[in-house]
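Hi,

Here is the structure you asked about. Have a look at it first, then read my notes below.

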Amino acid sequence: MHFESPPPDRAATVCTLAMPKDTNALGDIFGGWLMTHADVAGAILAFRVVGGRVVTVAVNEFIFLEPVFVGDVVSFYTDVARIGRTSITIDVSIHVTRMLPPGGGTRHKLGASLAVANATLTYVHVGENRRPRPIRPTPTAGHHHRPKARTAAPRRTRTPASPGRPPRKNRGA
Ligand SMILES: CC(C)(COP(=O)(O)OP(=O)(O)OC[C@H]1O[C@@H](n2cnc3c(N)ncnc32)[C@H](O)[C@@H]1OP(=O)(O)O)[C@@H](O)C(=O)NCCC(=O)NCCS
């Protein structure tokens, strides 16, 4: 799944700042820079889920929606799209927060979040011999890609039947 806006219930897998050294000949951020970070973000989630070494076997799709500029804070959100026998496919949603006005003006508000690219990459779990090995997802990996329904403890409410915690006494000296 690709996120149209930054998901409120999870942190970006990778978050970084676009710098002048990352620009192309036009002065915009080079697409390959975004692809590098997307590959790294996908690999981090793949590694967490399979619990071991992964290699990138395919960039299934990479769509650039909006240009990225120097000074943009770029966040890479990841989600598991599919787990096969030895391969795992990760969706990467890339959003920026625009901190500086880019040259030539912008139709986006400074400080607002903006989706700039979507990618899907496939990784293969490999052993030390670099050959594919079956994936057995780690038990702790679930929350990285399948948010569980929240089972929050019942909240204390201040009702006449349940007055809640009494006000704390000031134990000053
Ligand atoms: C990844 C690698 C080990 C796979 O070896 P292989 O002999 O093709 O292995 P298999 O044919 O058994 O395929 C392994 C899995 O990859 C998947 N796969 C292979 N080619 C694929 C492709 N083009 N797109 C998507 N998935 C692919 C297969 O479907 C299989 O998945 P599954 O087990 O979940 O069904 C081998 O291709 C390799 O070492 N590639 C280089 C990886 C690398 O160095 N990446 C960094 C590049 S700088």
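A word on terms first: helices, at least four residues long, and strands, at least two, are DSSP runs, numbered from the N terminus. Note that this is a predicted model.

**Helix α1**

Helix α1 covers residues 31-50, 20 residues in total. From first C-alpha to last, α1 reaches 28 Å. That is close to the 28 Å expected at 1.5 Å a residue. Many positions in α1 are listed as buried, including L34, H37, D39, L45 and V50. Also buried in α1 are A38, A41, G42, A43, A46 and V49. Next after α1 comes G51. The phi of G51 is positive, near 75°.

**The ligand**

The ligand is surrounded by 13 residues. A58, G84, R85, T86 and S87 are the closest. Two elements give two or more residues to this shell: β2 (54-64) and β5 (113-125). β2 supplies the largest share, four residues. By type, the shell holds six nonpolar, five polar and two charged residues.

**Confidence**

Mean pLDDT for the chain is 82. Of its residues, 76% reach 70 or more. Where is confidence lowest, and where highest? The low end is helix α2 (residues 142-145), with a mean of 50. The high end is β2, at 98. Over residues 146-173, pLDDT stays under 50. For that stretch the model has ten contacts beyond four places in sequence.

Best wishes

Terms used:
Residues are numbered from 1 along each chain as its sequence is written. This is a predicted model: local features need pLDDT of at least 70, side-chain atom pairs count only at pLDDT 80 or more; totals for chains, interfaces and linings use all residues. A residue is near a molecule or strand if its C-beta atom, placed from the backbone, lies within 6 Å of it. Ala, Val, Leu, Ile, Met, Phe, Trp, Tyr, Cys and Pro count as nonpolar, Asp, Glu, Lys and Arg as charged, and the others, Gly among them, as polar. pLDDT is the predictor's confidence in each residue, from 0 to 100. Two residues are in contact if their C-beta atoms, placed from the backbone, lie within 7 Å. The expected span of a helix is 1.5 Å times one less than its number of residues. A residue is buried if 20 or more other C-beta atoms lie within 10 Å of its own, exposed if 12 or fewer, and partly exposed in between; C-beta atoms are placed from the backbone.
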